[in-house]
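Trainee: I should like to learn how to read the features of a model such as this one. Could you guide me through them in order?

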Amino acid sequence: MARIPHVYEVVEIPDNVTVEVNGLVVKVKGPKGEIVKDFSHSRAVLINLDDANKRIIVEAYRANRKLKALVGTIAAHIRNMIIGVIKSYRYKLKIIYSHFPLTVIVDEKNKVIRIKNFLGEKTDRIAKIHGNVKVKVQDSDIIIEGIDIEEVGQTAASIEQATKIRDLDRRIFVDGIYIYERGVAE
């Protein structure tokens, strides 16, 4: 008789974090805040909460290579959610210019970042602030903090992309805003 491949991953839940699982919707609540993610795009994966042992089991039956990878990906997302509500994430970007001094302004009301005078351009370059992240400008650094690693990373990437130089030699025109540090904020 052929064996049915069963793949699972276990995610441990710390004491100061509460997790609710409703089908494929996972809600993680901790000291820094709350994150809700919907994994309903992956119907073949089961997410079960084991309250007695304080852990989440992500599993799939009849798993092929893609399904096994999906189980690992969802487990990693849940681990990132748990770390985010305990410690939060921080990305640091460096403002670099050699030709024209540029100014970075955070517009909290419109949830955008305005980059003025980039390469002497008259119009502002605009980067979107994704989700519920905090953006600060300190001297030549931009610091982005939040509990959801996807929102923090996407905001940092949109700032970096807003200052991408396309038609000039990158060895000469190094102006831009670049990610130089990413990690967990203690």
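The dialogue below goes from the overall form to the interior.

Mentor: Please note at the outset that this is a predicted model.

Trainee: How many helices and strands are there in the chain?

Mentor: The chain holds 2 helices and 13 strands.

Trainee: What does the radius of gyration of the chain tell us?

Mentor: One compares the value with the globule rule for a chain of that length. Here the radius of gyration is 21 Å, well over the 16 Å that the rule gives for 186 residues, so the chain is more spread out than a compact globule. Along the principal axes, its C-alpha atoms fill a box of roughly 70 × 40 × 25 Å.

Trainee: What share of the residues is buried?

Mentor: A residue counts as buried under 20% relative accessible area. In this chain, 38% of the 186 residues meet that condition. The chain exposes about 11100 Å², and carbon and sulfur atoms supply 50% of this area.

Trainee: Which residues have the most contacts inside the largest nonpolar core?

Mentor: They are Val26, Val28, Phe39, Ile47, Ile56, Val58 and Ile78, in a core of 25 residues. Strands S1 (6-12), S3 (25-29) and S6 (55-61) and helix H1 (65-86) each supply at least two residues of this core. The largest share, 8 residues, comes from H1.

Trainee: Which residues does isoleucine 56 touch?

Mentor: Leaving aside residues up to four places away in sequence, the partners of isoleucine 56 include Val10, Val19, Ile47 and Ile78. There is also a second, separate core of 22 residues, with Ile95, Ile113, Ala127 and Ile177 among them.

Terms used: Residues are numbered from 1 along each chain as its sequence is written. This is a predicted model: local features need pLDDT of at least 70, side-chain atom pairs count only at pLDDT 80 or more; totals for chains, interfaces and linings use all residues. Side-chain values use heavy atoms; hydrogens and water are left out. Helices (H or I, at least four residues) and strands (E, at least two) are DSSP runs, numbered from the N terminus. The radius of gyration is taken over C-alpha atoms; the globule rule is 2.2 Å times the number of residues to the power 0.38. Buried means under 20% relative accessible area, exposed over 50%, partly exposed in between (1.4 Å probe, protein chains only). Accessible areas come from the Shrake-Rupley method with a 1.4 Å probe; for residues, only the protein chains shown count as cover. A nonpolar core is a set of buried Ala, Val, Leu, Ile, Met, Phe, Trp, Tyr and Cys residues joined through side-chain atoms within 4.5 Å. Contact means heavy atoms within 4.5 Å.
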